[in-house]
Amino acid sequence: MQRGRKIVMEEERTFTAQEPMMARPMTTYADVMYYLHTIRISPEDKRKVANRLNLEVTGKNLSRIFERLDYLSSLQADWDGYGALPIARKVIENLKNVLLVSDDKDWENWVVGAEPNATLMLQSKTNRVSISLGNDEFSYYALVDGKRFGESHVDFEPNRFLNIMRLLDK
Amino acid sequence: MKAYTSTTFVSPDEQVARLVSKAWMDEGILLNAAFALAPHETYLSVNRLSVESYNKDIKTFIKNHSDYQIADKSDLYRRALLVVGQINRIEVMNGDEILDVRVEVEPRDSHTKSHAGIFVRSKGQNIVHGREPLSGTLPAGVSSDAVLQEVRWQLLDIAELQICKLVHD
């Protein structure tokens, strides 16, 4: 499903492909199946969706990160006892959008945590590398061979974020 | 060698604990997010083990913030133990140059007696997340956030992760 493509619903309401969760929360298997059967989707795309969902459930790393996001998205205001903000909904969705375009192995070396300013933080298990993800931007920091490099205020786009993850994970 | 002559600093021999939320542990790995400052914070909160009220202070805190319990209704919690002298020795490099950055631990006992703060300072000015210090405090091209990131990693390096049991009266 292409991002931003308009989908015509049976009841003639339209949503962009990014928005169904906002427009109609889907929390049960029946809801999801109903939704899938109300949109026009080719058999080939149905197979792609099925394969992707299968990967997200059986892929050890992808399923781990999705579960982690479920927990992190449940953090309430002042979760750290020092006034931390809950993780912004858009930040959670940003990382989910990265998950959708990534492979299971992309997450093998990453762990995910919360920062007090409503952002998520990815930390490499193997390198001195971290990425901070916000609503519209991300920043990264790395120390390689004693040299520090990084970038702040990078406009968020799922593939751009994924490319940086892959680059830093080498 | 840095001199600590002021009585406002916590002694380098002391140990302080940063309590660890589940949000900072993943796959059994402690994340450096445990040492992140919020935008409104000027210091990182820790508790001094040598202060008599330590157990009482953290018990109250953990009771009110369940994400610090290892499991629901558990008496177990995680802490990152830090030696103040090691914190004081943190140095931030910019290429081959050591920046004028000090990491200092001061008592902050107005709420609880064992509470203390880890401050990151340059030329006497607090380095705060998301806010650049006065011009000339840090060299051009070195941001507050870059300094704080480096300090986070170094705190992670020297921290000893422990699982502890709350002590009841």
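## Chain A, its sheet and its contact with chain B

Chain A has six helices and seven strands, and the model described here is a predicted one. Read from the N terminus, the elements of chain A follow the order β-β-α-α-α-α-α-β-β-β-β-β-α. Of its 170 residues, 24% count as buried. Among the contacts in chain A with a separation of 6 or more, 45% are between residues 24 or more positions apart.

### The sheet

Five strands of chain A form an open sheet in the order β3-β4-β5-β6-β7, with antiparallel pairing. Because β3 and β7 of chain A stand at the edges and each have a single partner strand, one side of each is left without a neighbour in the sheet. On average, and with direction ignored, neighbouring strands of this sheet are turned by 15° against each other. As a general point, the strands of a sheet pair through backbone hydrogen bonds, in either a parallel or an antiparallel way. The table gathers three of the pairings in this sheet, each with one pair of partner residues.

| Strand pair | Sense | Bridges | Residues opposite each other |
|---|---|---|---|
| β4(A) and β5(A) | antiparallel | four bridges | A:Met121 and A:Ser132 |
| β5(A) and β6(A) | antiparallel | five bridges | A:Val129 and A:Ala142 |
| β6(A) and β7(A) | antiparallel | seven bridges | A:Phe138 and A:Val154 |

Helix α6 of chain A, residues 158-168, packs on the sheet and touches β4, β5 and β6 of chain A, and its direction makes about 10° with that of β6(A).

### Strand β5 of chain A

Strand β5(A) is joined to β4(A) by a hairpin of four residues, and it forms another hairpin with β6(A), with three residues between them. Five of the five residues of β5(A), which covers residues 129-133, are buried, so this strand is largely enclosed by the rest of the structure. In a regular strand, side chains alternate between the two faces of the sheet. In β5(A) both faces are covered, since A:Val129, A:Ile131 and A:Leu133 are buried on one side, while A:Ser130 and A:Ser132 are buried on the other.

### Two packed helices

A pair of packed helices is described by the angle between their axes and by the distance between the axes. For α4(A) and helix α5 of chain A, residues 89-101, the axes come within 11 Å and cross at roughly 170°. An angle over 145 degrees counts as roughly antiparallel, and α4(A) and α5(A) are therefore roughly antiparallel to each other. Where they meet, α4(A) brings A:Leu62, A:Ile65, A:Phe66 and A:Leu69, and α5(A) brings A:Ile92, A:Leu95, A:Lys96 and A:Leu99. By class, this contact has seven nonpolar residues, no polar ones and one charged residue.

### Contact with chain B and the nonpolar core

The contact between the chains takes 25 residues from chain A and 25 residues from chain B. On the side of chain A that touches chain B, α4 (60-72), β3 (110-114), β4 (120-124) and β7 (147-155) each supply at least two residues, and β3(A) gives the most, with four residues. The residues of this side of chain A divide into 11 nonpolar, eight polar and six charged.

In soluble globular proteins, nonpolar side chains tend to be buried together. The largest nonpolar core here has 69 residues, of which A:Leu120, B:Val16, B:Leu30, B:Ala34 and B:Val147 touch the most other members. Helix α3 of chain B, residues 144-158, provides the largest share of this core, with six residues. Leaving aside residues up to four places away in sequence, B:Val16 touches several residues, including B:Val10, B:Val46, B:Leu82 and B:Val105.

Terms used: Residues are numbered from 1 along each chain as its sequence is written. Chains are lettered from A and ligands numbered from 1 in the order in which they are written. This is a predicted model: local features need pLDDT of at least 70, side-chain atom pairs count only at pLDDT 80 or more; totals for chains, interfaces and linings use all residues. Two residues are in contact if their C-beta atoms, placed from the backbone, lie within 7 Å. Ala, Val, Leu, Ile, Met, Phe, Trp, Tyr, Cys and Pro count as nonpolar, Asp, Glu, Lys and Arg as charged, and the others, Gly among them, as polar. A residue is buried if 20 or more other C-beta atoms lie within 10 Å of its own, exposed if 12 or fewer, and partly exposed in between; C-beta atoms are placed from the backbone. Two strands pair if DSSP finds at least two bridges between them. Axes are lines fitted to C-alpha atoms, for helices over the stretch in contact, and angles run from 0 to 180 degrees between N-to-C directions. Angles under 35 degrees count as roughly parallel, over 145 as roughly antiparallel, 65 to 115 as roughly perpendicular and the rest as oblique. A nonpolar core is a set of buried Ala, Val, Leu, Ile, Met, Phe, Trp, Tyr and Cys residues joined through C-beta atoms within 7 Å.
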